[in-house]
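Trainee: I have a new structure to look at, and I would like to learn how to read its pockets. Could you walk me through them?

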Amino acid sequence: MSLLELRGVDVHYGDFQALSAIDLVVAAGETLAVIGANGAGKSTLLATIAGLHRPSAGTVRFDGAPVTGRSAHERVAAGIALTPEGRRVFPSLTVEENLLVGAHTRRDGPWSLDTVYELFPMVADRRSQAGVNLSGGEQQAVAIGRSLMSNPRLLLLDEVSLGLAPVVVDRLYEALSAIVATGTTVLVVEQDVRRALAVADRVHCLLEGRTSMESAAAHVTRDRAVAAYFGMAEEAG
């Protein structure tokens with residue numbers, strides 16, 4: 001059963017078309033990785049699903065219901081949470097205050113302060129520290145934890161590994177595996193194709209705002225990913 005469905009979605013910034021005729025289906029409990037070069041439209045796609053951008057054409061459905069015209073906060077209440085690129089932790093708030101912001105619109109579910117701290121022990125001992133004093137990896141953990149505090153059915157993660165040391169990224173992806181194990185559906189934007197293939201059930205590649213490949217992750221070779229990533233060949237999954 002599909003949890004998220006996009007059909008024929010176009011998104012414009014003024015005269016510039018950022019997404020063109022995007023069709024995308026994510027099943028409940030699935031992990032979908034969205035890959036592509038800078039400027040391919042990956043962050044725009046996540047922001048559109050989260051309700052931060054309204055499509056100029058097409059429809060977005062969540063759990064079978066149309067949400068194309070619904071606001072971002074209404075989508076959070078429905079069970080969609082976005083962890084944005086760049087983390088955007090509130091610098092003057094403590095770790096715990098940042099997490100509690102995510103609980104403002106809270107659904108029933110497994111995530112609480114205690115379970116988030118258990119998932120991310122790297123920030124559990126820093127709960128009274130201000131966000132500005134955290135490392136990049138700690139800020140990313142807080143940003144993901146803040147999203148989890150709403151108990152989402154669909155978690156949108158934008159560039160988990162960007163700017164972080166490999167050992168920190170390893171720890172974050174270990175936590176992602178634990179999140180998936182709770183039954184949460186995950187859509188993750190990732191430029192590191194190796195990590196994307198390792199964590200995902202399926203892969204969706206964007207090229208200049210259009211779909212260049214859709215495939216089960218197990219069927220994506222390095223050469224096929226590179227071809228789709230850079231537009232060297234037409235690919236179909």
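Mentor: Gladly! One term to begin with: helices and strands here are DSSP runs, numbered from the N terminus. Keep in mind, too, that this is a predicted model.

Trainee: How does one look for empty space, and what is the volume of the largest pocket?

Mentor: The general idea is that rolling a probe the size of a water molecule over the atoms shows where empty space is left. In this model, the largest pocket has a volume of about 540 Å³.

Trainee: Which elements each supply at least two residues of its lining?

Mentor: Helix H2 (72–78), strand E6 (80–83), helix H3 (95–102) and helix H6 (136–148) each do so. The lining has 18 residues, and those nearest the centre of the pocket are Val76, Ala81, Leu82, Arg146 and Ser147. By type, the lining splits into ten nonpolar, six polar and two charged residues.

Trainee: What about the second largest pocket: how much space lies in it?

Mentor: About 160 Å³. Helix H1 (residues 42–50) gives the largest share of its lining, three residues. Among the lining residues are Ser43, His53, Leu82, Arg88 and Asp158. Here the division is five nonpolar, two polar and three charged.

Trainee: Now for a helix. Which residues of helix H9 are buried?

Mentor: Buried means under 20% relative accessible area. In H9 (residues 222–230), Arg224, Ala225, Ala227, Ala228 and Tyr229 are buried. These residues pack against helix H8 (193–199) and against strands E3 (31–35), E9 (202–207) and E10 (210–216). Just after H9 comes Gly231, with a positive phi of about 70 degrees.

Conventions. Residues numbered from 1 in each chain as written. Predicted model: local features only at pLDDT ≥ 70, side-chain atom pairs only at ≥ 80, totals over all residues. Heavy atoms only, no water. 1 Å grid on protein atoms, 1.4 Å probe; cavity = no way out; pocket = protein on both sides within 12 Å on 5 of 7 lines; lining within 4 Å. Points joined across faces, edges and corners; volume = space filled by probe spheres on them. Helix = DSSP H or I, 4+ residues; strand = E, 2+ residues; numbered from the N terminus. Nonpolar A, V, L, I, M, F, W, Y, C, P; charged D, E, K, R; others polar. Buried < 20%, exposed > 50% of the residue type's maximum accessible area, 1.4 Å probe, protein only. Contact = heavy atoms within 4.5 Å.
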